[in-house]
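Me: I'm new to this structure and would like a close look at a single part of it. Could you take me through the sheet and the pieces around it, step by step?

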Amino acid sequence: MNNSKSDLLEYVLENDVKFVKLTFCDFLGRQRNISVLSSQLEDAFENGVAIDSGAITGVGGKDLKLIPVGSLLSVLPWRPHAGRAVSVFCRIANADGTPYVCDPMTLLHSEVNKLAELGYEATVATECEFYVFKDDVGNTLVPFDNADYCASAPFDKCENLRRDVIVSLEDMGLKPISSHHERGWGQNEVDFESADPVSAARNFIMFKNAVKNVCAINGTHASFMPRPVGSQPGSGLHLTITLNGKNSAAASKSFAEGVLRRLLEITCFANPTQNSYRRLRSGFHITYSSDRGSAMRIFGNNDVMVRTPDSTCNIFVALALVFAAGREGIENNYKLRKEGDYTDCLFGSIDKALEFAEKSDWLREHIPGVYDDVLDSIKRRAVAEQALKTDWELFEFHSDI
């Protein structure tokens, strides 16, 4: 939906909306929200709703505010229609109302604006993979079916679930374009049409929420872990970025090279869990090609697909870093390496990624102020995962990934 503040207030009044979930995303990629009565929404627009900075970085101490963004409203179709609930994505502000420099949405919006100053607009399309498991077998992950790539019913037992997800997404105002069964048992993919970067990121967060809720209602369990079952293929979050503007074909090549040069630094945020490296451990080559083992694919003249991120990331932050690296490539007129040329592979563990990130001045520049706190949050989650050793299923059932 493309609403102004007045449109949103009118929608709430005319559609018997009782609760408004003020939604945001923390640095660990988890959806957070505060519910307010619809009668308090106008005050939330004017004065914000207070939160602790610990809700963003995991380390508190500073008062912040949630400010609703009228254009980022989503209905929640699985909620009751009487006294219904909606979600409104929020920007995060300081106590005085000025933008909080480390609001993930603000970080992405800033990078989009910097790219626009160079004469380019970008859109982002996402391809999102996830698993569906039976939800009645304790702490063991049992795939919902044993179908394979593009299977059809009755072998594809997830078909009805995907249909319900697609219908829910459309009711929420989001725009999926296709879905299918993936290679793994119980593994699925939903693809979205291109949108501006901030909307694409918000859409992905709401997509995860829709999948989780639809599966729960149907007595199943959805997992966005990168590789919840070691014997099955991993799940990625593929980001296709399209540049439009002057000499966009040449700029896209420089953009792609900029991303490739910074990919080792970006990895800590694009793949921020121990489980991420169960998917990456075979080693994505830091290059581009038609090979699915490569970190990037390039289509046509100006479509760049970054294949390494996974759904445990904060997509706002991951995209902000990708755009910062790509902009650096454009500004320095980097020449795209030859297809297949690479000198490095991605890391095989979160420890290596964190060690590299701690030494990066470039990352500190682009995640200002709370960078060490953010890394500490990632470390703490990694330690929690490691403590479970091989009991990934237990971690999945007791986490909100």
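Reply: Here is a walk through the sheet, one strand after another, followed by the core and a helix that contributes to it.

A word on the ground rules: this is a predicted model, in which local features need pLDDT of at least 70 and side-chain atom pairs count only at pLDDT 80 or more, while totals for chains, interfaces and linings use all residues. Residues are numbered from 1 along each chain as its sequence is written, and side-chain values use heavy atoms, with hydrogens and water left out.

Let's begin with the overall layout. Five strands make up an open sheet in the order 2-1-5-4-3, with mixed pairing. Strands here are DSSP runs (E, at least two residues), as helices are (H or I, at least four), and both are numbered from the N terminus; two strands pair if DSSP finds at least two bridges between them. The edges are strand 2 (31-37) and strand 3 (49-52), each of which pairs on one side only. On average, neighbouring strands of this sheet are turned by 45° against each other, direction ignored.

Now for one edge. Strand 1 and strand 2 run antiparallel and are joined by seven bridges. Together they form a hairpin with five residues between them, and Gly-29 in the turn has a positive phi of about 85°. Within this pair, Phe-19 stands opposite Leu-37 in strand 2.

At the other edge, strand 3 and strand 4 (residues 63-75) also run antiparallel, joined by four bridges. Here Ile-51 stands opposite Leu-64 in strand 4.

Two helices come next. Helix 4 (residues 104-117) packs on the sheet, where it touches strand 1, strand 4 and strand 5, and its direction makes about 70° with that of strand 5. Helix 1 (residues 5-14) lies across strand 1 (17-25), strand 4 and strand 5 (84-94), running at about 70° to strand 4. For these angles, axes are lines fitted to C-alpha atoms, for helices over the stretch in contact, and angles run from 0 to 180 degrees between N-to-C directions.

One residue deserves a pause: Leu-22, found in strand 1. Leu-22 has a relative accessible area of 0%, so it counts as buried (under 20%; exposed is over 50% and partly exposed in between, with a 1.4 Å probe and protein chains only). Leaving aside neighbours within four places in sequence, Leu-22 is in contact (heavy atoms within 4.5 Å) with residues including Ile-34, Leu-41, Leu-66 and Val-88. Leu-22 and Val-69 are 47 residues apart in sequence, and their C-alpha atoms are 9.5 Å apart in space.

Leu-22 also leads us to the largest nonpolar core, which has 118 residues; among those with the most contacts inside it are Leu-22, Phe-207 and Phe-323. Such a core is a set of buried Ala, Val, Leu, Ile, Met, Phe, Trp, Tyr and Cys residues joined through side-chain atoms within 4.5 Å. The largest share of this core, 12 residues, comes from helix 9.

Helix 9 (residues 315-331) has 17 residues and reaches 24 Å from its first C-alpha to its last, close to the 24 Å expected (1.5 Å times one less than its number of residues). Of the 17 residues in helix 9, 16 are buried.
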